[in-house]
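Please look at the sequence and the model below. The report that follows describes sheets, helices and charged pairs in turn.

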Amino acid sequence: MRTISSKQNPVVKRIREAIREHAGEIVIEGPKAVANAIAGGWKPIHRLERGVDVTEEVFDALSETRTSQGVIGLFERPQTLAADILARRDTVAVALDGVQDPGNVGTIVRLAAAFDCAGVLVLPGTADPFGPKAIRSSAGAILHVPVASVTVEELIAANVPLIATAMSGDVVDPPARNAVLVFGNEGAGVSDVILRRAALLAIPMTARVESLNVASSTAILLARSYALRI
């Protein structure tokens, strides 16, 4: 294969579209991340190395980060069913309800991996976990955590206990298994339709701060849930 030197090359345009849309195809950057994806069974559509497969100028026009270390991989977007995540009852699942910051979404995916969650369920209004910033924030965890989109109706119909954080909730331990922990929008919190169906749980803390960042709340509850499970 010749070294690609044009930004109009079909492969380059395809990768650029995947970075922008991250719909049927997604982009992973960095030699270790790309190698880990391949080792994990992800099949690369294209793997480009700067200076070998593509010129430095073209590569730099594609790269989303200065720390990509010269490798970009294009992959098919993994497809997971929400029902498969909800079917696992020996642990908890995480549902994100309108979490808009991709950095928070990626961090929560990483937390789901750290604390052996069944997966991450993405409700409408949530940033795409397979977007470039979310993938980077997951620090590779996106390769190991099942992620699926779900509607509010599907989540409720699954008949799995829903647990949501709220200042008015009871200060109790989160469940160790057989539940979905729902985390809401950075400003508005969990939507009313979920709150009406969920048990409400409050995180004990001082009055020095009004609330916690959604990723911080997730870390506290998932760590506690895991400690109760092991």
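Is Arg-50 buried, partly exposed or exposed? Arg-50 has a relative accessible area of 34%, and therefore counts as partly exposed. Here buried means under 20% relative accessible area, exposed means over 50%, and partly exposed lies in between, with a 1.4 Å probe and protein chains only.

This is a predicted model, in which local features need pLDDT of at least 70 and side-chain atom pairs count only at pLDDT 80 or more, while totals for chains, interfaces and linings use all residues. Residues are numbered from 1 along each chain as its sequence is written, and side-chain values use heavy atoms, with hydrogens and water left out.

**Salt bridges**

A salt bridge is a side-chain nitrogen of Lys or Arg within 4 Å of a carboxyl oxygen of Asp or Glu. By this rule there are eight salt bridges. The table lists some of them.

| Pair | Closest N to O distance |
|---|---|
| Glu-21 and Arg-20 | 3.3 Å |
| Asp-60 and Arg-50 | 3.0 Å |
| Arg-88 and Asp-90 | 2.8 Å |

Arg-50 forms its salt bridge with Asp-60. Asp-60 lies in helix H3 (residues 56-62) and Arg-50 in the loop between strand S2 (44-49) and H3, so the pair ties together parts that are 10 residues apart in sequence. Helices (H or I, at least four residues) and strands (E, at least two) are DSSP runs, numbered from the N terminus. Asp-60 has 46% relative accessibility and is partly exposed.

In the pair of Glu-21 and Arg-20, Glu-21 is partly exposed at 45%, whereas Arg-20 is exposed at 52%. Arg-88 and Asp-90 are joined by a salt bridge. Arg-88 is partly exposed, with a relative accessible area of 30%, and Asp-90 is partly exposed as well, at 43%. Arg-88, Asp-90 and Asp-116 belong to one network, joined by salt bridges that share partners.

**The sheet of three strands**

Strands of a sheet pair through backbone hydrogen bonds, either parallel or antiparallel. For pairing, DSSP must find at least two bridges between the two strands. One open sheet has three strands in the order S1-S3-S2, with antiparallel pairing. Its edge strands are strand S1 (25-29) and S2, each of which pairs on one side only. Neighbouring strands here are turned by 15° against each other on average, direction ignored. The angles in this report run from 0 to 180 degrees between N-to-C directions, and axes are lines fitted to C-alpha atoms, for helices over the stretch in contact.

S1 and strand S3 (residues 71-76) are antiparallel and pair over five bridges. In S3, Leu-74 is the bridge partner of Val-27. Helix H2 (residues 31-39) packs on this sheet and touches S1, S2 and S3, and its direction makes about 30° with that of S3. Helix H1 (residues 10-21) also lies across S1, S2 and S3, running at about 95° to S1. Contact means heavy atoms within 4.5 Å.

**The sheet of six strands**

A second topic is the open sheet of six strands, which has the order S6-S5-S4-S8-S7-S9 and parallel pairing. Strand S6 (147-149) and strand S9 (199-201) stand at the edges with a single partner strand each, so one side of each has no neighbour in the sheet. The twist averages 35° from one strand to the next.

Strand S4 (residues 92-97) pairs with strand S8 (residues 179-184) in the parallel sense over six bridges, and Gly-184 in S8 is the bridge partner of Asp-97. Three bridges join S4 to strand S5 (residues 120-122), and these two strands run parallel. Leu-121 in S5 is the bridge partner of Ala-95.

How many of the six residues of S4 are buried? Six of its six residues are buried. In a regular strand the side chains alternate between the two faces of the sheet. Val-92, Val-94 and Leu-96 are on one side of S4, with Ala-93, Ala-95 and Asp-97 on the other, and both faces are covered.

**Two helices in contact**

Helix H9 (residues 214-229) and helix H5 (residues 102-114) have axes that come within 9 Å and cross at roughly 10°. H5 and H9 are therefore roughly parallel to each other, a term for angles under 35 degrees. In their contact, residues of H5 including Asn-104 and Leu-111 meet residues of H9, among them Val-214 and Leu-222. The residues of this contact divide into seven nonpolar, three polar and no charged. Nonpolar covers Ala, Val, Leu, Ile, Met, Phe, Trp, Tyr, Cys and Pro, charged covers Asp, Glu, Lys and Arg, and polar covers the others, Gly among them. H9 also lies across S4, strand S7 (162-170), S8 and S9, and runs at about 165° to S8.

Key:
Angles under 35 degrees count as roughly parallel, over 145 as roughly antiparallel, 65 to 115 as roughly perpendicular and the rest as oblique.
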